[in-house]
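Got the viewer open? Let's take a walk through this one, stop by stop.

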Amino acid sequence: MSAVAASSRFDARAVRRAGVGLRLPHLLEVAAAAPPVGWLEIHPENFLANPHAREVLLDIATRCVLSVHTVGVSVGSAEGVDREHLSRVVALVEELDPLFVSGHLAWSTHRGRFLNDLLPVPYDAETLRLVAEHVDEVQDALGRPYLIENPASYVGFDGSTMTEAEFLSELVQRTGCRLLCDVSNVYVSATNMGYDPYEYIAALPAAAIGELHLGGYTREDKPDESSDELLIDAHASPISEPAWALYAYTLRRVGALPTLIEWDAALPSFSRLTEEAATADELAAAVANEGQPLASAR
Amino acid sequence: MRGGRDPHARLEVHVRHYETSLVTALHMKFPATQWLVGSELVAAAARAYVHARPPNRPCIAEYGRTFPVFLAQFARGRGLPYLRMFTELELAAGETATAIGLPPLEWSEVAKAGAERLLDCTAGVQPGTRYLRSRWRVDELMKIYLSGSAPERFVVAAAQACIEIRGARGELRIIRLDRATFAFRAALAARRTIEDSVARALRHEPQFDAGAALRDAVQSGLLTSLHLHSGGGEP
């Protein structure tokens, strides 16, 4: 297990409002005026080769709570983590001192190629050993906990010997990493792979969850009657009702946690994103007020 | 594998995302080229490119450096001999516009070096600077694109163009230089000594005024620093 201590100038417990992903088309707008959201999450890969955007981001970081969500640190790759990329991410993290640094339970690199997708891993002992080793390496490089996000699944492996929730729980035990629970991914994966999303949430180690994600999914058209209907984690639409319902259940189970709205494709206006964040805030407030004694009449 | 009736068919989700996401990235990187030759040709070339030249780094903003060459080969026979240089120009413009500008070198610092030591110096150049030598006047074509108004007909002149591309923080300038000044400035940008850079310019123009060229480079804000070549550090 890597020996890392929580280290950020921000206290997650103080982040009361939902956040949104900050994408390049919105960067200058956000830099010009304080965004009406609790926090912002960036993909570091958007800033590593864009010095101007990085400069603007560093300015935003002096006024807003930021989180870093990497898509290129491939902890599931059999060939190991891309150390050059990791060092570039670490350098940016050190400049930003974000609330969280997170990534995916997936692999993206093979034989020197970056496959630009989050590919599934089998859930077995060997994969667990490998992923734990890589998470340790990432946490040692960062000097802080790394949050691992559950994937959106379309296929599984016959050789898997444990469930995804069991795998993540064991990974937390071995490495001290934390979890980013993507509630929408839970719903997408459960629908695609045929299990109960509520049981999945219940099986996660609640104390290890540091952050929640919500993103829109799309239904893939069935080419013919013999095909399955698939939900695709597209991040190109508003949050669906089933995902909101699962979010409410998650909050009841784990308590209030920093929540982020992911909308990366068919990007709407920034104000539209903040509307989704406001919906998350309303739902969180409603859950928090459940079971509260009514104020006595005066 | 498992997943629904045909898990192997579900792998198509990942294959599609790989291709679509990278083709989209190339579309966003080369909008001027799409304007020039049409989005269909660029899309077809991009689909071929992402399989022939897959990325090897996670930072997709850095992907596509060899697309200009690939696209030109893909489009061979379509009567677009200037295509590669136009796309190279677009690539350079995109890279420079996202750079940040550094404080420019002051002439007083150059004067302090002294003529003899100056020849042994190399110069730092603004990070958002690129040099492109083209057999076609693609800079004129790019300026038409950037102006947003295209004439009914335009002939791309088959004549050499020595192009300096300078940009920072979203701003961009495309400047055609004479051959000697181009050789001088491109050599400075390649970290050649001032003496070597002047020599390269003189090959194109025996009357090249090195002093005036250096002063122009400084006054235009191109240079950011001076370094004594033999020993390193400041002169």
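How many of the 11 residues of H6(A) are buried? Nine of them are, so H6(A) is largely enclosed by the rest of the structure. Here "buried" means that 20 or more other C-beta atoms, placed from the backbone, lie within 10 Å of a residue's own; 12 or fewer makes it exposed, and anything in between partly exposed.

Before you click on, some housekeeping. This is a predicted model, where local features need pLDDT of at least 70 and side-chain atom pairs count only at pLDDT 80 or more, while totals for chains, interfaces and linings use all residues. Residues are numbered from 1 along each chain as its sequence is written, and chains are lettered from A and ligands numbered from 1 in the order in which they are written. Helices (H or I, at least four residues) and strands (E, at least two) are DSSP runs, numbered from the N terminus.

**Stop one: H6(A)**

Select 183-193 in chain A, which is helix H6. Its buried residues include Val183(A), Tyr187(A), Val188(A) and Asn192(A). Now show what covers them: among the elements there are strand S8 (178-182), helix H7 (197-203) and helix H8 (241-254) of chain A. Just after H6(A) comes Gly194(A), with a positive phi near 80°.

**Stop two: Leu212(A)**

Next, pick Leu212(A) in strand S9 (residues 209-215) of chain A. Leu212(A) is buried, with 23 other C-beta atoms within 10 Å. Leaving out residues up to four places away in sequence, Leu212(A) touches Cys181(A), Val183(A), Thr250(A), Leu257(A) and Thr259(A). Touching, or being in contact, means that the C-beta atoms of two residues, placed from the backbone, lie within 7 Å. Add Ala12(A) to the selection: it sits 200 residues from Leu212(A) along the chain, and their C-alpha atoms are separated by 12 Å.

**Stop three: H8(A) and H9(A)**

Select H8(A) along with helix H9 (residues 270-289) of chain A: they pack at an angle of about 45°, with axes 10 Å apart. That makes H8(A) oblique to H9(A). Axes are lines fitted to C-alpha atoms, for helices over the stretch in contact, and angles run from 0 to 180 degrees between N-to-C directions. Under 35 degrees counts as roughly parallel, over 145 as roughly antiparallel, 65 to 115 as roughly perpendicular and the rest as oblique. Which residues of H8(A) meet H9(A)? Look for Trp244(A), Tyr247(A), Ala248(A), Leu251(A) and Arg252(A), which meet Leu283(A), Ala284(A) and Val287(A) in H9(A).

**Stop four: where the chains touch**

Now show both chains: 33 residues of chain A are in contact with 28 residues of chain B. On the chain A side, S6(A) gives the most, with six residues. By class, that side has 14 nonpolar, 12 polar and seven charged residues. Ala, Val, Leu, Ile, Met, Phe, Trp, Tyr, Cys and Pro count as nonpolar, Asp, Glu, Lys and Arg as charged, and the others, Gly among them, as polar.

**Last stop: chain B**

Hide chain A and look at chain B, with its 11 helices and five strands. Its C-alpha trace spans about 80 × 45 × 30 Å along the principal axes. Of its 235 residues, 40% count as buried. To finish, select helix H1 (residues 7-29) and helix H3 (residues 39-52) of chain B, which pack at an angle of about 130° with their axes 9 Å apart. That makes H1(B) oblique to H3(B).
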